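This report describes the fold, the strand pairing and the internal cavity of a single protein chain. Please consult the sequence and the model shown below while reading.

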Amino acid sequence: MFRLLVLTGQRRGEIAALRWSNVNFDETRIELEGRQTKNRRPHITHLSPPALAELRTLQKRRLPTGFVFTTSGRTPSSGISRAKARLDKVLGDDIEPWRLHDLRRAMATALAAAGVPEGVVDRIQNHAASGSAPSAVARVYQQSDLLPQRAEALNQWGEMVTGTPEGRVSLRGSTVG
């Protein structure tokens, strides 16, 4: 689950509750309905080759519950804080304290630094308009989901995360590769 969080930049609750019915392998994307997202808006997340590989590996142990991640076999994953604490132990003391939300922040920062437009990053992370919100006219008339641009950015992110040392990502001053 943590690897998919890193590779997609999505919210932990949305990935923890992910169902196989939301994964479209043919279109290489996750498709969430509005009731499944924090802001109640439908959302599409492109699956980069590394993210797709993670899901294909998980698919081999697919349970009849329909959940991609489950701790009980009947409900979505829980105990995420405990799992994060175990991950912190594996990472060791050289890593400064961090939160799962820092993964989203690191992704947004790295993609922006790589030249991906802020609007594309916002759509990848399913953000509502922020401080750099488009004008009222643009919000009404610009309805594009920018799916091709989002796919390109997520593929670039997948390469940055899994690629060479130059593609390492900083989480609050610590380097994770």
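Which residue takes a positive phi in the hairpin of S1 and S2? In this predicted model, the residue is Thr 28, with a phi near 50 degrees. The hairpin has 4 residues between its two strands.

**Overall architecture**

The protein contains 8 helices and 5 strands. Along the sequence, these elements follow the pattern α-α-β-β-β-α-α-α-α-α-α-β-β. Of the 177 residues, 38% are buried. Where contacts link residues at least 6 apart in sequence, 59% of them join residues at least 24 apart.

**Confidence of the prediction**

The average pLDDT of the protein is 86, and 83% of the residues score at least 70. Over residues 165-177, by contrast, pLDDT stays under 50. For this segment the model has 26 contacts beyond four places in sequence.

**Strand S2 and its partners**

Strand S2 pairs with S1 and also with S3. The two pairings are set out in the table.

| Strand pair | Sense | Bridges | Opposed residues |
|---|---|---|---|
| S1 (residues 23-24) and S2 | antiparallel | 2 bridges | Asn 24 and Arg 29 |
| S2 and S3 (residues 43-46) | antiparallel | 4 bridges | Glu 31 and Ile 44 |

The side chains of S2 alternate between two faces. Ile 30 and Leu 32 point to one face and are buried, whereas Arg 29 and Glu 31 point to the other and are not buried. Arg 29, on the face that is not buried, is the residue of S2 that stands opposite Asn 24. Glu 31, which points to that face as well, stands opposite Ile 44 in S3.

**The internal cavity**

How many cavities of 30 Å³ or more does the structure hold? The structure holds 1 such cavity, and the volume of the largest cavity is about 30 Å³. Its lining consists of Gln 10, Glu 14, Ile 15, Leu 18, Ile 30, Leu 32 and Thr 45. By class, the lining residues divide into 4 nonpolar, 2 polar and 1 charged.

Helix H2 (12-16) and strand S2 (29-32) each supply at least two residues of this lining. Ile 30 and Leu 32, the buried residues that share one face of S2, are both among the lining residues. The alternation along S2 and the cavity lining can therefore be examined together in the model, beginning with Ile 30 and Leu 32.

Key. Residues numbered from 1 in each chain as written. Predicted model: local features only at pLDDT ≥ 70, side-chain atom pairs only at ≥ 80, totals over all residues. Heavy atoms only, no water. 1 Å grid on protein atoms, 1.4 Å probe; cavity = no way out; pocket = protein on both sides within 12 Å on 5 of 7 lines; lining within 4 Å. Points joined across faces, edges and corners; volume = space filled by probe spheres on them. Nonpolar A, V, L, I, M, F, W, Y, C, P; charged D, E, K, R; others polar. pLDDT = per-residue confidence, 0-100. Contact = heavy atoms within 4.5 Å. Buried < 20%, exposed > 50% of the residue type's maximum accessible area, 1.4 Å probe, protein only. Pairing = 2+ DSSP bridges.
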